[in-house]
Amino acid sequence: MYAWPSTADGPDALPMVHFTTEEQSGGELSPEGMPVWLFDTAIREGGWANFEDFEAWAAPAEGWQAFYRREDDVLAVTGPGPCEGWYQGRLGADDDWVKAAATQQSVVLLAAPVQHPSLYAYAVEAGAGFALLVPLAVV
């Protein structure tokens, strides 16, 4: 997982969090025999929108909430259905991310079947990059 503000400074910086995983398949196969991304069902049933559909993810996602605790750098995120308890753990956020989060009181979550955020653009090109805007309480 990687966290950064969308811009390094300024009042409009949005805190971003990209979820990555080394484990790409949970053992499920498509009807064509191709491995299915481990988080495919959760993404599709949890209200995530295709990254290219900005209007679909630019409004706060229904049924989602996030909390960030500065004291120990813990982020907790939960959503509807299969996304309940999506994540809870250390974030590794820097001061710019924390400032953006406290200002915006929301976080953009990104997910794709890639191991590193540098590969996210390729997932978006392939139609496999997803995003959510989630209300965030910073304490």
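In the predicted model, Asp73 is placed in the loop that connects strand E6 (65-69) to strand E7 (74-78). The relative accessibility of Asp73 is 8%, and this residue therefore counts as buried, the limit for that class being under 20% relative accessible area. The backbone of Asp73 has a phi near 60°, which is a positive value in a residue other than glycine. A polar contact of 2.6 Å joins the side chain of Asp73 to the side chain of Tyr68. When residues up to four places away in sequence are not counted, Asp73 touches Tyr68 together with Gly89, Arg90, Leu91, Gly92 and Ala93.

A positive phi is also found at Gln105, where the value is about 55° although the residue is not a glycine. Gln105 belongs to the loop between helix H3 (95-104) and strand E9 (106-111). With a relative accessibility of 36%, Gln105 counts as partly exposed, whereas Asp73 counts as buried.

The largest nonpolar core comprises 27 residues, among which Trp48, Trp64, Trp97 and Leu109 touch the most other members. Two or more residues are given to this core by each of strand E2 (15-19), helix H1 (40-45), E6, E7, H3, E9 and strand E10 (130-138), and the largest share, five residues, is that of E10. A second core, separate from this one and made up of twelve residues, includes Met16, Trp57, Leu110 and Val124.

The surroundings of Trp48 may be described in further detail. With neighbours within four places in sequence left aside, the contacts of Trp48 include Ala42 and Ile43, as well as Trp64, Cys83 and Trp86. The remaining contacts of Trp48 are made with Leu109, Leu110 and Ala111, and with Phe130, Ala131 and Leu132. Among these partners, Trp64 and Leu109 are, like Trp48, listed with the residues that touch the most other members of the largest core, while Leu110 is included in the second core.

Gly129 is located in the loop between helix H4 (120-125) and E10, and its relative accessible area of 1% means that this glycine is buried. Gly129 and Pro113 are separated by 16 residues in sequence, and their C-alpha atoms lie 7.8 Å apart in space. Apart from neighbours within four places in sequence, Gly129 is in contact with Ala49, Asn50 and Phe51, with Ala111 and Ala112, and with Tyr120, Ala123 and Val124. Of these partners, Val124 is included in the second nonpolar core, and Ala111 is also in contact with Trp48.

Technical notes
Residues are numbered from 1 along each chain as its sequence is written. This is a predicted model: local features need pLDDT of at least 70, side-chain atom pairs count only at pLDDT 80 or more; totals for chains, interfaces and linings use all residues. Side-chain values use heavy atoms; hydrogens and water are left out. Helices (H or I, at least four residues) and strands (E, at least two) are DSSP runs, numbered from the N terminus. Buried means under 20% relative accessible area, exposed over 50%, partly exposed in between (1.4 Å probe, protein chains only). A polar contact is a pair of N or O atoms within 3.5 Å; within protein, one must be able to donate a hydrogen and the other to accept it, and residues adjacent in sequence count only if both atoms are side-chain atoms. Contact means heavy atoms within 4.5 Å. A nonpolar core is a set of buried Ala, Val, Leu, Ile, Met, Phe, Trp, Tyr and Cys residues joined through side-chain atoms within 4.5 Å.
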